[in-house]
Amino acid sequence: MEKVILEEKDAVDWIYRGEGAANLILAYTGSSPAFIGKVLRIQKSQRNGKSGVKEGRALTTHERLLWRENKELTASSNREILEQLYVKHVMSPLLGPKHVDVGIRVLVTKEFLKSVEKNVTCHRPAWRVHSSQVDVNRDSVLILSDHSIFPDGLEVREGLGSGSQCVICLEIYRSYVTLCRLEVGNLKREPCITVEIKPKCGFLPISRFITEENAVKRNVVRFRMHQALKLHNQEISEYSEYNPLDLFSGSREGIQKAIEALYATPQNNFRVFLNGSIVFGGLGGGTNSTTVQVGEAFEDILKNFIQADNGQRTTSFLQLVAETIYTSGALEQLLEVQKLDTYDIEGAIHAYYNIISQPCMVCRELSKDKLSCRYTSLHSIPLDQSLKIVKDYLIAATAKDCSLMISFRPKEDGRLPSHNTVYLGSTNQAFEYKVYFIDLDLKPLKKMEAYYELDKKIVSCYSQMVKTEHETDKAVTINSNGSVRDQRYALEDGLFTEGCTGKCK
Ligand SMILES: O=P(O)(O)O[C@@H]1[C@@H](OP(=O)(O)O)[C@H](OP(=O)(O)O)[C@H](O)[C@H](OP(=O)(O)O)[C@H]1OP(=O)(O)O
Ligand SMILES: Nc1ncnc2c1ncn2[C@@H]1O[C@H](COP(=O)(O)OP(=O)(O)OP(=O)(O)O)[C@@H](O)[C@H]1O
Ligand SMILES: [Zn+2]
């Protein structure tokens with residue numbers, strides 16, 4: 001595989017699958033056994049004249065200091081290779097290698113990247129096209145397993161010659177393919193359904209470095225507070241019902257509640273794919289991503305998958321997802337990694353200034369009465385301790401931002417199971433499943449100040465919203481179970497004006 005170089009002629013075999021802020025994901029439609037069942041992860045650059053979303057250089061001087069104990073990382077002179085090494089040597093051991101695909105880098109020509117860019121543009125959400133493009137200055141891309149299919153179930157049908165039109169997907173192929181774009185990942189005998197979840201932070205911080213005015217952070221989970229700011233910035237149109245504390249609760253009931261809430265308000269936290277094609281949730285990532293929800297038709301999509309009466313399939317499917325999360329235990333591992341953030345940004349930011357040997361901007365801004373020795377003492381800790389605090393904070397940041405892909409296929413009697421099995425009691429069906437973490441990127445050290453600023457904005461916006469709400473005594477409804485109804489936060493935009501100081505990013 002190392003010797004392979006993807007050239008212009010190969011671009012036609014790769015079709016748009018999805019994207020996030022930094023990467024484009026393409027699925028393979030060609031016939032090379034080396035690529036069947038794989039996706040390409042290609043880095044993008046911003047359309048603002050900068051050379052790349054993430055700088056081409058590997059680690060900065062201060063990052064070298066930060067990661068000095070991880071020799072594999074500091075030895076790398078190239079950011080792309082570094083990203084992969086970070087997943088391999090830092091995140092994979094922490095999350096469990098069976099849930100992480102480190103991938104393989106393959107060389108690409110500039111013409112390949114240019115051609116890919118041209119081919120996929122019409123499939124990308126316009127707002128993503130507007131803000132980013134394929135970074136054609138990269139000389140390699142990452143090949144990963146396609147987590148939304150079970151490639152060992154593929155049946156290769158008779159190929160399509162160059163110039164022929166496929167009767168299934170109606171595309172005219174410019175080179176020979178054995179699987180059309182819709183067939184890649186399409187299991188002939190049984191369908192594969194994949195759920196993608198971006199769980200975000202699953203615990204309440206208890207750090208003693210959280211100031212009194214931010215004490216609300218100890219009681220309200222970050223995701224829910226962030227919703228207020230996103231609503232204010234019109235990045236979302238309604239308040240999510242999802243509470244990460246439920247998903248990470250470790251209880252069947254809590255997980256089930258979280259999955260139902262994600263289904264009700266998916267935003268960029270929940271997507272469903274059928275044989276690799278998105279059938280529920282937003283395409284292209286981001287909270288304002290193109291919506292391709294199918295509403296009630298989702299029942300129909302589940303027809304060949306969940307053996308239940310019409311109207312009952314979605315419920316059973318959500319049960320299956322919840323049961324799998326409970327059984328796999330993957331989220332327990334993820335939570336442990338997230339909890340490496342023990343100081344909270346309000347503590348870690350001081351250690352950051354120690355590392356970069358700059359006067360602490362936070363201590364400088366805290367008025368004398370608020371500047372307790374709790375913070376000043378952080379400036380006299382040994383450098384090693386500062387390095388550990390910030391390193392752990394950044395690892396936790398990766399774990400708070402990654403996603404989980406869970407794929408299912410019905411278990412077949414004749415086939416030796418190659419994956420774990422989960423049983424769905426309501427339909428009396430057994431499924432094979434696999435669970436993978438994706439997007440385990442290294443967070444740059446220089447983001448620490450932005451993290452601190454965003455944290456302040458989130459708390460400020462949320463606190464202002466609650467204050468206004470109490471003052472106006474409106475929109476608080478009590479559910480039959482006694483809990484306060486979440487949608488009360490979907491208040492008019494005008495209510496946020498005082499507390500919110502700007503954009504969240
Ligand atoms: O800061 P957050 O919690 O909003 O997370 C960012 C995500 O926003 P979200 O709230 O999940 O919609 C954001 O997701 P979207 O682009 O909004 O889909 C990114 O994942 C971002 O990471 P990076 O800058 O691409 O490395 C994420 O930034 P990090 O904080 O993980 O660095
Ligand atoms: N290995 C994979 N198999 C199948 N689909 C994938 C895979 N990796 C990513 N995807 C799809 O592509 C989308 C974008 O990928 P990814 O999260 O890696 O991009 P990103 O730019 O790093 O995201 P972010 O905005 O969080 O930085 C994912 O949300 C997922 O739907
Ligand atoms: Zn300080």
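Okay, let's start with helix 8, residues 252-264, and helix 10, residues 313-328: their axes come within 9 Å and cross at roughly 130 degrees. Quick note: this is a predicted model, where local features need pLDDT of at least 70, side-chain atom pairs count only at pLDDT 80 or more, and totals for chains, interfaces and linings use all residues. Residues are numbered from 1 along each chain as its sequence is written, and chains are lettered from A and ligands numbered from 1 in the order in which they are written.

Helices here are DSSP runs of H or I, at least four residues, numbered from the N terminus. Axes are lines fitted to C-alpha atoms over the stretch in contact, with angles from 0 to 180 degrees between N-to-C directions.

So helix 8 and helix 10 are oblique to each other (not under 35 degrees, roughly parallel, nor over 145, roughly antiparallel, nor 65 to 115, roughly perpendicular). The crossing is right-handed, meaning the near helix is turned clockwise from the far one by less than a right angle; anticlockwise would be left-handed.

Who touches whom? In helix 8, Arg252, Ile255, Gln256, Ile259, Glu260 and Tyr263 meet Leu318, Gln319, Val321, Ala322, Ile325 and Tyr326 of helix 10 (contact: C-beta atoms, placed from the backbone, within 7 Å).

Next pair: helix 12, residues 344-355, packs on helix 15, residues 383-401, at about 125 degrees, axes 8 Å apart. That makes helix 12 oblique to helix 15. Here, helix 12 passes helix 15 in a left-handed crossing. Ala348, Ala351, Tyr352, Asn354 and Ile355 from helix 12 meet helix 15 residues including Leu383, Ser386 and Tyr393.

Technical notes
Helix = DSSP H or I, 4+ residues; strand = E, 2+ residues; numbered from the N terminus. Contact = placed C-beta atoms within 7 Å.
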